[in-house]
Amino acid sequence: MKVINVVGARPNFMKMAPIIEAMDARPDHFRHVLVHTGQHYDERMSRAFFDDLGMPKPDIDLEIGSGSHAEQTGKIMIEFERVCKQEAPDLVVVVGDVNSTLACTVTAKKLGIRVAHVEAGLRSRDMSMPEEINRLCTDVLCDYLFTTDTLASENLRNEGIAEDRIHFVGNVMIDTLVKHRALAARRELLSRWGLRPGEYATLTLHRPSNVDDPEIFRGILEALAEVARDLPIVFPIHPRTRKMAQEFGFAGYFSEGTPVRNIWLTEPLGYLDFLHLNMHARMVLTDSGGLQEETTVLGVPCITLRRNTERPITCIQGTNLLVGDQPLAILNAVKRLLNEARKVRGIPEKWDGQAAERIVGILAAGT
Ligand code: UD1
């Protein structure tokens, strides 16, 4: 079977790495080509992950870059159509919910190529999120829908998707975490920065709903600046967030250089350093999707600065608290966590490091 594996943006890399590895282990079944759309292109948003995860260099880089949603999606479709015609794959594999995921799915399906979606069925039911639109459109088109949990499979069934397309396989991002956990633990980031385990929080923030509206963004920063008086906050800042913070004149909330009791900015970190930082954090504050899952497996409390989540399993079984974007709610949640002993929570079914193996087994059986 000839396969094109697609990656585009930062959260795709750790999902695709174990799939490539599992395909490599079955050379009798798979020949594969890795296409990077170039949605993310900064060294720290892209190349650093290939290095950390030991991923092969992309065979084809579409170098699309940034743009409006329509521009970015459209450019990827035009370039990816050319690649599909040239490579004539039997199957395209897409992961996650970014614009590259949707663009490559639509393109391949219109060329009559089968498509597999890894991380299917997640739903926030919030149509103001570009990712929710990407998820819905991708899932309706794909031939193989690989889900991370039973709630996601149930969402697909409720949308009328035939049972034989739905495969509950577990979480490939957790495959990557399980594989790299010991290596990440040995990094020396904390000692280099003079931080001690359990005595700081990490923060990520990049969703348009949080950083594009100056009042919401300011409210979150006000709350976090107060938290940071007692608990330093390390904030590896996403390029779009840095751009918005500059535009709104929010530099006063941050410090750079050495960690102090403040919201402390660093450039985005590579996979291993970021995992090291999170596994030792007192808590993680985030609007990311993947971090809600990673903290659940690490057993680190997570405060999600969003009004909804497409990953409710992390609240039901894991360490995730969904608190929204209002300053008082954020402060109350942090205070509650600081005064509580850390609870031992469960890990969702099949988040065991074997998800890619299951996916590749199902694909191989379908040839
Ligand atoms: C994208 C995904 C989002 C995911 C996030 C992880 C979509 C719709 N969104 O959001 O689901 O959680 O990636 O990071 O696909 N930029 C750079 N350098 C880069 C990449 C981006 O400077 O390498 C800046 C540019 O100003 C760009 C902006 O970030 O316009 C947004 O990038 P884009 O890829 O459109 O979306 P993200 O916000 O990164």
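Arginine 282 sits in the loop that links helix H12 (271-279) to strand S12 (283-286). This is a predicted model, and in it arginine 282 has 15% relative accessibility, so it counts as buried, the cut-off being under 20%. Setting aside residues up to four places away in sequence, arginine 282 touches Gly198, Tyr200, Leu231, Pro301, Leu337, Leu338, Glu340 and Arg342. With glutamate 340 there is also a polar link: the arginine 282 side chain comes to 3.5 Å from the backbone oxygen of that residue. Glutamate 199 is 83 residues away from arginine 282 along the sequence, yet their C-alpha atoms are 5.9 Å apart in space.

Next up is histidine 117, a residue of strand S5 (residues 114-120). Its relative accessibility is 0%, so histidine 117 counts as buried too. The side chain of histidine 117 pairs with that of aspartate 139 through a polar contact of 2.6 Å. Beyond its neighbours within four places in sequence, histidine 117 is in contact with a list of residues that includes Val94, Val95, Gly96 and Thr101, as well as Thr138, Cys142, Tyr144 and Phe146.

Now for the nonpolar side of things. In soluble globular proteins, nonpolar side chains tend to be buried together. Here, the largest nonpolar core holds 58 residues, and Met16, Met55, Val93, Leu277 and Leu363 have the most contacts inside it. Helix H1 (residues 10-24) supplies the largest share of this core, with 8 residues. Both domain 1 (2-171 + 351-365) and domain 2 (181-339) contribute residues, so the core lies between them. Methionine 55 gives a closer look at the packing: leaving out neighbours within four places in sequence, methionine 55 is in contact with Val7, Phe13, Met16, Ala17, Ile20, Leu34 and Phe50. A second core, separate from that one, has 33 residues, among them Ala228, Met244, Phe250 and Val334.

As for the protein overall, it has 16 helices and 14 strands. Its radius of gyration is 20 Å, close to the 21 Å that the globule rule gives for 367 residues, so the protein is as compact as a globular protein of that length. Along the principal axes, the C-alpha atoms fill a box of roughly 55 × 40 × 40 Å. Of the 367 residues, 59% are buried. Links across the sequence are plentiful: among contacts between residues at least 6 apart in sequence, 70% join residues at least 24 apart. On the outside, the protein exposes about 15000 Å², with carbon and sulfur atoms supplying 51% of it.

Terms used: Residues numbered from 1 in each chain as written. Predicted model: local features only at pLDDT ≥ 70, side-chain atom pairs only at ≥ 80, totals over all residues. Heavy atoms only, no water. Core = buried A, V, L, I, M, F, W, Y, C linked by side-chain atoms within 4.5 Å. Buried < 20%, exposed > 50% of the residue type's maximum accessible area, 1.4 Å probe, protein only. Helix = DSSP H or I, 4+ residues; strand = E, 2+ residues; numbered from the N terminus. Domains from an automatic or database assignment. Contact = heavy atoms within 4.5 Å. Rg over C-alpha atoms; globule rule 2.2 N^0.38 Å. Areas by Shrake-Rupley, 256 points an atom, 1.4 Å probe, with all protein chains shown as cover. Polar contact = N/O pair within 3.5 Å; in protein donor to acceptor, adjacent residues only side chain to side chain.
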